[in-house]
Amino acid sequence: MTTMESLIGLVNRIQRACTVLGDYGGGTGNNAFNSLWEALPTVAVVGGQSSGKSSVLESIVGRDFLPRGSGIVTRRPLVLQLHKTDDGTEEYAEFLHLPKRQFTDFALVRKEIEDETDRITGKSKQISPVPIHLSIFSPNVVNLTLVDLPGLTKVAVEGQPETIVEDIETMVRTYVDKPNCIILAISPANQDIATSDAIKLAKDVDPTGERTFGVLTKLDLMDKGTNALEVLEGRSYRLQHPWVGIVNRSQADINKNVDMMLARRKEREYFDTSPDYGHLASKMGSVYLAKLLSKHLESVIRTRIPSILSLINKSIEELERELDRMGRPVAVDAGAQLYTILEMCRAFDKIFKEHLDGGRPGGDRIYGVFDNQLPAALKKLPFDRHLSLQSVKRIVSEADGYQPHLIAPEQGYRRLIEGALGYFRGPAEASVDAVHFVLKELVRKSISETEELKRFPSLQVELAAAANSSLEKFREESRKSVVRLVDMESAYLTADFFRKLPQEMERPVSNQKNQAASPSPATLDQYGDGHFRRIASNVSAYVNMVSDTLRNTIPKACVYCQVRQAKLALLNYFYSQISKREGKQLGQLLDEDPALMDRRLECAKRLELYKKARDEIDAVAWVR
């Protein structure tokens with residue numbers, strides 16, 4: 001096999017493999033990966049409707065196989081891969097979507113193109129960017145790959161969407177914009193080249209003409225006395241490559257099913273005997289065009305090999321990293337499955353602790369509960385209402401019963417204090433709940449950040465449920481502890497606090513008569529407003545002292561019962577449950593997300609393709 005045959009054949013194989021994986025150029029493949037298809041040099045056939053585009057392709061192939069008709073006939077890109085076989089071998093065609101079927105009747109090839117187009121677009125006149133891959137094996141072709149694109153049009157016809165003109169141009173541009181694309185611009189000779197849709201588009205995307213081959217069709221249909229030498233000799237519109245003239249079969253020949261080999265001979269005779277084009281005959285015709293394109297395509301492939309290899313090597317590295325990130329397939333034996341689960345639990349637990357200890361964000365929200373939420377809640381407690389003058393009078397009076405207090409209202413003080421301390425239960429329990437909410441959120445966040453767990457949604461659910469179950473137990477213990485702290489303050493009051501308060505000293509009296517006649521100020525104030533205000537003030541001072549104490553002890557209880565336990569024993573319940581599971585149950589936990597399994601399979605297939613492509617390119621790229 002010659003170098004040219006090796007390189008073009010290699011590109012053909014890679015393109016077919018890419019298409020199977022959903023990478024088929026035109027900007028429509030899987031955008032999650034680099035497109036290898038688009039890095040491969042390709043010849044895109046561009047032309048307006050009725051420019052003779054289909055006839056040029058059939059002349060190159062030497063077979064009548066393309067759908068014909070009015071309007072948009074080509075509604076999907078046709079990737080046409082030509083493979084030269086030994087002389088005397090039978091011609092046949094294969095479609096990528098029918099890999100086990102060989103077509104020797106090219107009328108059936110035409111019908112299959114029509115049917116496969118309709119499978120995607122329906123019977124409508126819609127277009128689709130999903131290509132049809134057709135390989136033709138024949139001794140009458142050269143090794144070449146062409147992409148036949150829908151013909152450019154200016155007006156939508158009945159049954160087509162209003163955007164059809166823009167849609168077709170957009171599709172064509174996605175191919176010809178690529179620097180690896182060779183543009184085969186088809187223009188009819190019986191129209192002004194300045195109005196050629198193909199040339200306009202080619203000039204826009206390839207202004208220097210380095211990637212464009214101009215083809216002039218219908219030379220035999222020009223008005224008598226006129227010719228296309230201005231164009232063919234590059235004086236009318238110059239390209240970096242020479243223009244090639246083509247004489248297609250006439251409509252009468254097509255209707256009579258004139259043999260393509262005979263049509264080729266008639267084309268050769270036309271140029272050889274033409275008074276206008278005889279001097280260019282050796283560089284005219286469909287056979288010459290095919291050889292020219294094949295040679296140029298091989299040259300471009302050889303030039304692009306370093307960049308193709310670079311892309312392949314880069315893609316291999318990315319795919320291997322992606323497979324490592326997603327993890328390899330899980331073993332089937334119970335011991336290996338249990339080990340895998342425990343390893344993922346350790347990875348999750350490590351991330352969870354990093355959140356609590358400050359290695360990752362989130363744990364600081366617990367400190368915010370103690371430094372902001374708890375103090376704010378304590379300040380909002382309704383002590384002003386509870387210790388209002390009216391409330392104090394009522395509570396003290398009710399505590400005295402039928403016998404008013406003589407000196408200090410002991411029972412009144414206790415009832416006022418106990419009632420006030422009861423308000424501390426709310427902020428205490430709210431602190432427990434707030435810490436619990438933060439811990440639950442950190443569990444959720446840690447599970448989502450554990451890369452190893454992303455493969456296994458069932459395990460994520462079970463792990464989250466077990467962790468949250470443990471957090472509920474920790475919350476109950478914490479709630480009991482903080483409520484106990486409040487209850488302890490109510491159960492035993494600090495007597496020294498009140499002993500240190502200024503005492504009301506009664507003024508001494510000289511005799512019983514004077515005492516009865518003129519009561520002391522202390523006696524007069526015993527049931528006055530000032531007396532009850534002093535009681536409220538004393539109780540308020542004591543409650544503030546308790547508030548300061550609880551502000552320090554409630555966080556200690558929450559951290560000890562919830563945060564510390566979460567760090568030490570968050571997954572103990574999960575471990576106790578998992579140890580009872582049998583192999584089948586463990587396998588259910590390691591039931592991967594189908595989307596992830598599909599992605600791993602896609603990565604593995606693409607990796608295999610790239611490695612094989614790299615090896616094949618290395619094997620043939622430098623053959624002389």
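Okay, so when I say helix or strand today, I mean a DSSP run, H or I over at least four residues for a helix, E over at least two for a strand, numbered from the N terminus. Counted that way, this chain has 23 helices and 9 strands. And before anything else: what you're looking at is a predicted model.

Some overall numbers. The chain has 624 residues, and 49% of them count as buried. If you take the contacts with a separation of 6 or more, 81% come from residues 24 or more positions apart. As for the surface, about 31,300 Å² is exposed, with carbon and sulfur atoms supplying 51% of that.

Let's start with helix α2, residues 53–61. How many of the residues of α2 are buried? It's 9 of the 9, so the helix is largely enclosed by the rest of the structure. That list even takes in Lys-53 and Glu-58, along with Ser-54, Ser-55 and Ser-59. The others are Val-56, Leu-57, Ile-60 and Val-61. Right after α2 ends you hit Gly-62, with a positive phi of about 85 degrees.

Now, what does α2 pack on? One partner is helix α9, residues 286–326. For a pair of packed helices, the usual description is the angle between the axes plus the distance between them. Here the angle is about 80 degrees and the axes are 8 Å apart. Anything from 65 to 115 degrees counts as roughly perpendicular, so that's what we call α2 and α9. On the α2 side, look for Val-56, Ser-59 and Ile-60; they meet Ser-286, Leu-289 and Ala-290 of α9. By class that contact is 4 nonpolar and 2 polar residues, with no charged ones. As a reminder, an α-helix has 3.6 residues a turn, so residues three or four places apart point the same way. Keep that in mind when you look at the contact residues on each helix.

Moving along to the rings. There are 13 aromatic pairs in the structure. Take Phe-383 and Tyr-423: the ring centres are 6.0 Å apart and the planes sit at 80 degrees, and since over 60 counts as edge-to-face, that's what this pair is. The two come from distant parts of the chain, 40 residues apart, with Phe-383 in helix α12 and Tyr-423 in the loop between α14 and α15. Are these two buried or partly exposed? Phe-383 is buried, at a relative accessible area of 13%, whereas Tyr-423 is partly exposed at 28%. Another edge-to-face pair is Phe-497 with Phe-498, 5.3 Å centre to centre and again 80 degrees between the planes. Those two phenylalanines also belong to an aromatic cluster with Tyr-413 and Tyr-542.

Since I mentioned α15, let's go into that helix, residues 425–449, and stop at Ala-434. Ala-434 has 14% relative accessibility, and under 20% is the line for buried, so Ala-434 counts as buried. Which residues does Ala-434 touch, leaving aside neighbours within four places in sequence? Val-369 and Gln-373. There's also Ile-366, 68 residues away along the chain, with a C-alpha to C-alpha separation of 7.9 Å from Ala-434.

One last stop, on the backbone. Lys-218 has a phi near 60 degrees, which is positive, and this isn't a glycine. You'll find Lys-218 in the loop between β8 and α6. Lys-218 is partly exposed, with a relative accessible area of 22%.

Notes
Residues are numbered from 1 along each chain as its sequence is written. This is a predicted model: local features need pLDDT of at least 70, side-chain atom pairs count only at pLDDT 80 or more; totals for chains, interfaces and linings use all residues. Side-chain values use heavy atoms; hydrogens and water are left out. Buried means under 20% relative accessible area, exposed over 50%, partly exposed in between (1.4 Å probe, protein chains only). Contact means heavy atoms within 4.5 Å. Accessible areas come from the Shrake-Rupley method with a 1.4 Å probe; for residues, only the protein chains shown count as cover. Rings of Phe, Tyr and Trp (its six-membered ring) pair if their centres lie within 6.5 Å; planes under 30 degrees apart count as stacked, over 60 as edge-to-face and the rest as tilted. Axes are lines fitted to C-alpha atoms, for helices over the stretch in contact, and angles run from 0 to 180 degrees between N-to-C directions. Angles under 35 degrees count as roughly parallel, over 145 as roughly antiparallel, 65 to 115 as roughly perpendicular and the rest as oblique. Ala, Val, Leu, Ile, Met, Phe, Trp, Tyr, Cys and Pro count as nonpolar, Asp, Glu, Lys and Arg as charged, and the others, Gly among them, as polar.
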